[in-house]
Amino acid sequence: MKLTEHIYMVGSGNFGISHDFDSSIYIVNCDSSLVMIDTGSGCGIDITIKNMRKDGLNPKNLSHILLTHYHVDHAGGAYKFKDLYGCKIYISAIESDVLRNGGEIPLKLDIAKRSGLCSQDYVFSGCDASVRLKHNDSISCNDFVFKAINVPGHSKGSLCYFINLPEGNVLFSGDVVFAEGVIGMLNCDGSSLSDYRKYISRLSNLNIDMLFPGHFVFVLSNGQKHINKAIESLDLLGLPKNFI
């Protein structure tokens, strides 16, 4: 599904275009190379590949996968795409060991299964990261440059990816922030409201036009307004709106 001149959505459980367990899966067309933002769960990866082909995107041109964090609905398909196409996998250095080693407790997969967010028979396959990112690191693909912004809160290593495209400033926000200023707090270790309060300001003053979160609706104009709602809510006494 083509969203802008350069951005496509090729998977999403919420929108019913791939497996129910999948986060939103985005592609940025960087001329001769493709950059994928999150991979979904890895269940029914053939549907995601079919969606790419329907949009005129050759999966063999997939060169980079930028993971926003290690949770299975976002990163579970990384090893499959890497095996198929040899693409480089990028994730926060903080979370690279969990991506490689897996384990239901480190992944919070046990809680996801108890919460009905994942089937009891789901198995995560680990994947070695090609590049372990730190806050403010840059990733280049042809003439396109992505900036990794570490915003702990949903998880310790959660990354948002900023890129300036001809159509405007874009933020892929994973589960850090959603439309209408909703945040992604979880009731488990690693997710922290105090981290949100401390680090959410890293998303201020970016002049975001388009906001592409890991679930639910995306925003094609005035994206910064939605981010600012989250920033402002975390400065008040009440609890911010949460995605679960």
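Contact here means heavy atoms within 4.5 Å. Keep that in mind as you walk through this predicted model.

**Stop one: helix 1**

Start by selecting residues 45–54, which make up helix 1. Show the side chains of I45, T48, I49, N51 and M52: these are the buried residues of the helix. Now look down the helix axis. The buried residues fall within an arc of 155°, so they line one face of helix 1.

What do these buried residues pack against? Add strand 1 (7–11), strand 2 (25–30), strand 3 (33–37) and helix 3 (78–85) to your selection, and you have the partners of that buried side.

Next, turn to the face pointing away from the buried side. There you will meet the exposed residues D46, K50, R53 and K54. Before leaving, step just past the end of helix 1 to G56, which has a positive phi of about 80°.

**Stop two: the aromatic rings**

Across the whole structure, a search finds seven aromatic pairs. For one of them, select F172 and F212: the ring centres are 5.5 Å apart and the planes sit at 25°, so this pair is stacked. F172 belongs to strand 10 (residues 168–174) and F212 to strand 11 (residues 210–213), so the pair ties together parts 40 residues apart in sequence.

Are these two rings buried or exposed? F172 is buried, at 0% relative accessibility, and F212 is buried too, with a relative accessible area of 1%.

To finish, add F15, Y26 and F218 to the selection. Together with F172 and F212, they form one aromatic cluster.

Conventions
Residues numbered from 1 in each chain as written. Predicted model: local features only at pLDDT ≥ 70, side-chain atom pairs only at ≥ 80, totals over all residues. Heavy atoms only, no water. Buried < 20%, exposed > 50% of the residue type's maximum accessible area, 1.4 Å probe, protein only. Helix = DSSP H or I, 4+ residues; strand = E, 2+ residues; numbered from the N terminus. Arc of directions from axis to C-beta. Phe/Tyr/Trp six-rings, centres within 6.5 Å; stacked < 30°, edge-to-face > 60°.
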